[in-house]
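Subject: Structure for your review, with findings

Dear colleague,

Please find below the structure I agreed to pass on to you. My notes on it follow directly after.

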Amino acid sequence: DKLGIALVGLGYYSTDLLAPALQMTDKCYLAGIVTGTPAKAEQWKKKYNIPDKNIYNYQNFDSIANNPDIDVVYVVLPPSMHREYVVRAAKAGKHVFCEKPMATSVEDCKAMIKACEDNKVKLAIGYRCQHDPNTQEYMRIGREKTYGKPMMIACGAGYVDGRTNHWKQKKALGGGCMPDMGVYALQGARLAVGEEPISVTAQAHVIRPEIYKEVEETMLFQLQFPSGAVAACHTSFGINMNYLQVNYEKGWLKMEPFSAYGGNKGSHSGGLIDFPIKNQQAKQLDEDCLALINGTQLIAPGEEGLRDIRVVEAIYQAAKTGGTVKISS
Ligand code: NAD
C-alpha cells in the first residue's frame, strides 16, 4: 500500500518537481493538496485526479486530521511559514516532510522537532541531495579517509534569480541567499568533512541593491571544523555556480555540479563519480516513505535541518559583527 502525501503550497517546487516525481514513486502517491488559491485547486484536481475530500485550504487544513487518505503532509511554503504548518500537521497526527531551509531560526527548528515528538510523528527535511548516490560517494570518501583527512574545502551554490518581488527577497518570509542556496554550500562542506563546524566568519554582499533591499544577495562564509579542516563557501542569487572541491591529506575531489536535480558528477584522485539517477525527488520520497513504513531512520530528520540553521544563524551574526562566531552545539 502506498502512503498518501498532501503537498502544502503549490508553487514552483511542488508544481515542477514534486508533483511530477510523485507520478514515479512506488511507496507513495499524490493524495491531496493544500492551497490558498481555488483556481490552482481546480487545475490540480483535474490534472492529478485528486478527490474533493482531499483538497484543503489554509483555514480548514487542520481537519486533515480526520482524513485517512493522508499519511504525510509535505510543507513546501516560504521558510517563515514552515514552523506553523509543520506544527499544525504534527498536531493533526500526520508525518511531516518539510522543505529546506527547515526554518528561519534555531528556536523554530526546535519547536518543530518537539511538536513531532510530542505527537509521535516523524519529521524529514527535503535534503534531496543526501539521497543522491553522487553525494553519498563524496561523503564516503571523507568518512573512510580514502585520501586521509579532508583539509580544505571550497564550495559554491548559486543561480541568477531574475525575480524582483518574491519571498526570496523579503526578510519577513525567510528570504535571503544564505538560507536558500547557501544551505547547499554549507551541506557540501559539512557532508564532505563529516563534522560540524565550530566557528564561522562571513561577509554579506549585494550586487543589485535595487532588488535586494532587505536581504543579502551573496554570502561568502568560512567554516572551521574540529579536525582542523577549513572551508570557503560562496552562495548567490546573482551568480551561477555549483561546485565542490575537497583537498585531502593525500588527494583531491572535484564535483560540478554537486547539488543539481540531476547529473551531479565529478572525479577524485583515484576515479570518477558519475552515478546515474532516474529522479532525485522520487528517490527521496520513496526512501523517506520506506523509512516511515519500516520504522527505520530517516536520511535527513529534523535534527539535520537544525544543524544547518544553527550554522546559518552564526553566519548572519558573523557577517553583522565582522568577527569570528563560535558555534556551540
Ligand atoms: P514559490 O514562491 O514558487 O512557491 C511558494 C508557494 O507558497 C506558492 O504557491 C505561494 O502561493 C504559497 N504561499 C502561501 N502563502 C504565501 C505567502 N504569504 N507568501 C508567499 N507565498 C505564499 O517557492 P518555491 O520555490 O516553490 O519554494 C517553496 C519551498 O521549497 C521553499 O522552502 C524553498 O526553499 C523550497 N525549495 C526547495 C528546493 C529543493 O531543491 N529542495 C527547490 C526549490 C524550492
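The largest nonpolar core comprises 46 residues, and those with the most contacts inside it are Tyr138, Ile153, Val200, Phe221, Leu223, Leu244 and Leu253. Helix α7 (residues 182–193) gives the most to this core, contributing 8 residues. Apart from it lies another core, of 35 residues, which includes Met102, Val121, Tyr127 and Leu306. Please bear in mind throughout that this is a predicted model. As general background, nonpolar side chains in soluble globular proteins tend to be buried together.

Phe221 illustrates the surroundings of one core residue. Leaving out residues up to four places away in sequence, Phe221 touches Met178, Gly182, Ala185, Leu186, Thr201, Ala202, Ala231, Ala232, Cys233, Thr235 and Ile315.

Salt bridges

A search of the whole structure finds 19 salt bridges. In general terms, side chains of opposite charge can pair when their charged atoms come close. Three of these pairs are described here.

Arg190 forms a salt bridge with Glu304, with the closest N and O atoms 3.0 Å apart. This pair links distant parts of the chain, since Arg190 is in helix α7 and Glu304 in helix α9 (residues 302–321), 114 residues apart. Both Arg190 and Glu304 are buried; for Glu304 the relative accessible area is 5%.

Glu304 also meets the side chain of Arg307 in a salt bridge, at 2.5 Å from N to O. Arg307 and Glu304 are separated by about one helical turn, because they stand 3 residues apart in helix α9. Arg307 counts as partly exposed, at 31% relative accessibility. Taken further, Arg190, Glu196, Glu304, Arg307 and Asp308 are linked in a network of salt bridges.

The third pair is Lys45 with Glu42, where the closest N and O atoms are 3.9 Å apart. These two are 3 residues apart in helix α2 (residues 38–48), so about one helical turn separates them. Lys45 is partly exposed at 25% relative accessibility, and Glu42 is partly exposed with a relative accessible area of 39%.

A buried charge without a partner

Which side chain of opposite charge is nearest to Asp286? It is Lys27, 6.6 Å away, and Asp286 is buried yet has no salt bridge. A salt bridge requires the nitrogen and the carboxyl oxygen to be within 4 Å, so a separation of 6.6 Å does not qualify. Asp286 lies in helix α8 (residues 280–294). Setting aside its neighbours within four places in sequence, Asp286 is in contact with Thr25, Asp26, Lys27 and Cys28.

A buried loop residue

Ile70 is placed in the loop between β3 (55–56) and β4 (72–75). Its relative accessibility is 1%, so Ile70 counts as buried. Not counting residues up to four places away in sequence, Ile70 touches Gly4, Ala6, Ala31, Gly32, Asn54, Ile64 and Lys94. The C-alpha atoms of Ile70 and Lys250, which are 180 residues apart along the chain, are separated by 50 Å.

The largest pocket

The largest pocket holds about 740 Å³ of space. Its lining has 34 residues, of which Tyr12, Tyr13, Trp167, Lys168 and Tyr261 lie nearest the centre. At least two lining residues are supplied by each of α1 (12–21), β7 (150–160) and β11 (238–248). The largest share, 3 residues, comes from α1.

Yours sincerely

Key:
Residues are numbered from 1 along each chain as its sequence is written. This is a predicted model: local features need pLDDT of at least 70, side-chain atom pairs count only at pLDDT 80 or more; totals for chains, interfaces and linings use all residues. Side-chain values use heavy atoms; hydrogens and water are left out. Helices (H or I, at least four residues) and strands (E, at least two) are DSSP runs, numbered from the N terminus. Buried means under 20% relative accessible area, exposed over 50%, partly exposed in between (1.4 Å probe, protein chains only). Lys and Arg count as positive and Asp and Glu as negative; His and the chain ends are not counted. Contact means heavy atoms within 4.5 Å. A nonpolar core is a set of buried Ala, Val, Leu, Ile, Met, Phe, Trp, Tyr and Cys residues joined through side-chain atoms within 4.5 Å. On a 1 Å grid over the protein atoms alone, a cavity is a set of points where a 1.4 Å probe fits but cannot get out, and a pocket is an open set with protein on both sides within 12 Å along at least five of seven lines; lining residues have an atom within 4 Å of a point. Grid points are joined across faces, edges and corners, and a volume is the space filled by probe spheres set on the points.
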